[in-house]
Amino acid sequence: MNPQLDIETIEAVLAKADQLYTEREISAALDEIAGNITRQLHNKHPVCLSIMLGGLVPAGQLLPRLNFPVEIDYIHATRYRGATEGNELHWIKYPSISLENRTVLLIDDILDEGLTLQAVVEYCQQQGAEQVFTAALVEKQHKRRIGLQHADFTGLTVPDRYVFGYGMDYQNQLRYVAGIYAVHGL
């Protein structure tokens, strides 16, 4: 676990970062994701699970765009725990809603190596979910994906850099930034 960054360091990371997407571009991508989800799941009454912590912001922006009945819960599984590289999966919270015979929509911030999302999909299947769909605001472009290869619903792609904003963090900071940025030099 990394020590907490001081305010000056956080501000410096943001000031030097390269903006990849504006809030307006992200909003348009969320509209597109919501439209695709609506076309496919509007009559399924899905359980929508935000994958914490990263999925919090995308889910909070995506769910109001879905104009059909859904149930909302969350799951907390992480490989990063504040670090810049992932380790073994750490389960913090399982959903409270039964997934048995349900359609599940998992909402996450980024599909990187795909290990976390794949593990959560497998968990939902083990709990008896009839169908499991995945939505990721961002898909990172690289060839290191060893878990889930693609999300069912994706809005944006980013280069193989360390990104933050709209749920994605840099050392447990900057998730709240209204835009998607790449850390300078990473």
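Here is a friendly conversation about a predicted model of one protein chain.

Reader: Hello! To get my bearings, how many helices and strands does the chain have?
Author: Welcome! This is a predicted model, and its elements run α-β-α-β-α-β-β-β-α-β-β-β-β from the N terminus on. Taken together, the secondary structure comes to 4 helices and 9 strands.

Reader: What radius of gyration does the chain have, and what would a compact globule have?
Author: Along the principal axes, the C-alpha atoms fill a box of roughly 50 × 35 × 30 Å. A compact globule with 186 residues would have a radius of gyration near 16 Å, and the chain agrees with that, having 16 Å.

Reader: What percentage of the residues count as buried?
Author: Let's start from the outside: the chain exposes about 9400 Å², and carbon and sulfur atoms supply 47% of that area. A residue is called buried when its relative accessible area is under 20%. Of the 186 residues, the share that counts as buried is 51%.

Reader: Which element gives the largest share of the largest nonpolar core?
Author: In soluble globular proteins, nonpolar side chains tend to be buried together. Here the largest nonpolar core has 29 residues, and those touching the most other members are I26, I37, L105, L137, V138, L156 and I180. Two or more residues come from each of α2 (23-41), α3 (56-62), β5 (103-111), β6 (131-140), β7 (153-158) and β9. The largest share is 7 residues, and the element that gives it is α2.

Reader: Which residues is I37 in contact with, leaving aside its neighbours within four places in sequence?
Author: I37 is one of the core residues that touch the most other members. With the neighbours within four places in sequence left aside, its contacts are H42, L62, L66, F68, L105, A135 and F153.

Reader: How many residues make up the second, separate core?
Author: This core is separate from the one around I37, and L49, Y123, C124 and L148 are included in it. Its size is 19 residues.

Reader: In the open sheet of 3 strands, which strands stand at the edges?
Author: The strand order is β1-β9-β8, and the pairing is antiparallel. Between β8 and β9 (residues 180-182) there are 2 bridges, and V163 stands opposite A182 in β9. A strand with a single partner has one side left without a neighbour in the sheet, so the edges are β1 (18-21) and β8 (163-164).

Reader: Which rings are linked into a cluster by ring pairs?
Author: The structure holds 6 aromatic pairs. In one of them, the rings of W91 and Y123 have centres 5.5 Å apart and planes at 45 degrees, so this pair is tilted. Another tilted pair is Y94 with Y123, at 5.0 Å centre to centre and 35 degrees between the planes. Ring pairs thus join three residues into a cluster: W91, Y94 and Y123.

Reader: Where in the chain does Y94 sit, and where does Y123?
Author: The two residues are 29 apart, and their pair links distant parts of the chain. Y94 counts as partly exposed at 42% relative accessibility, whereas Y123 is buried with a relative accessible area of 13%. Y94 is in the loop between β4 and β5, and Y123 is in helix α4.

Reader: Which peptide bond is cis?
Author: The place to look is by L53, in the loop between β2 (47-52) and α3. With omega near -5 degrees, the cis bond is the one from M52 to L53.

Reader: Is N101 buried, partly exposed or exposed?
Author: N101 lies in the loop between β4 (90-93) and β5, and it has a positive phi of about 60 degrees although it is not a glycine. Exposed means a relative accessible area over 50%. N101 has 56%, so it is exposed.

Reader: What about N172: is it buried, partly exposed or exposed?
Author: N172 is in the loop between β8 and β9. Its phi is positive too, about 65 degrees, although N172 is not a glycine. With a relative accessible area of 38%, N172 is partly exposed.

Reader: One last one: how far apart are the C-alpha atoms of E113 and Q141?
Author: E113 belongs to the loop between β5 and α4 (115-126). Beyond its neighbours within four places in sequence, E113 has contacts including R79, H142 and R144. Along the chain E113 and Q141 are 28 residues apart, and their C-alpha atoms are separated by 9.8 Å.

How values were computed. Residues are numbered from 1 along each chain as its sequence is written. This is a predicted model: local features need pLDDT of at least 70, side-chain atom pairs count only at pLDDT 80 or more; totals for chains, interfaces and linings use all residues. Side-chain values use heavy atoms; hydrogens and water are left out. Two strands pair if DSSP finds at least two bridges between them. A nonpolar core is a set of buried Ala, Val, Leu, Ile, Met, Phe, Trp, Tyr and Cys residues joined through side-chain atoms within 4.5 Å. Buried means under 20% relative accessible area, exposed over 50%, partly exposed in between (1.4 Å probe, protein chains only). Contact means heavy atoms within 4.5 Å. The radius of gyration is taken over C-alpha atoms; the globule rule is 2.2 Å times the number of residues to the power 0.38. Accessible areas come from the Shrake-Rupley method with a 1.4 Å probe; for residues, only the protein chains shown count as cover. Rings of Phe, Tyr and Trp (its six-membered ring) pair if their centres lie within 6.5 Å; planes under 30 degrees apart count as stacked, over 60 as edge-to-face and the rest as tilted.
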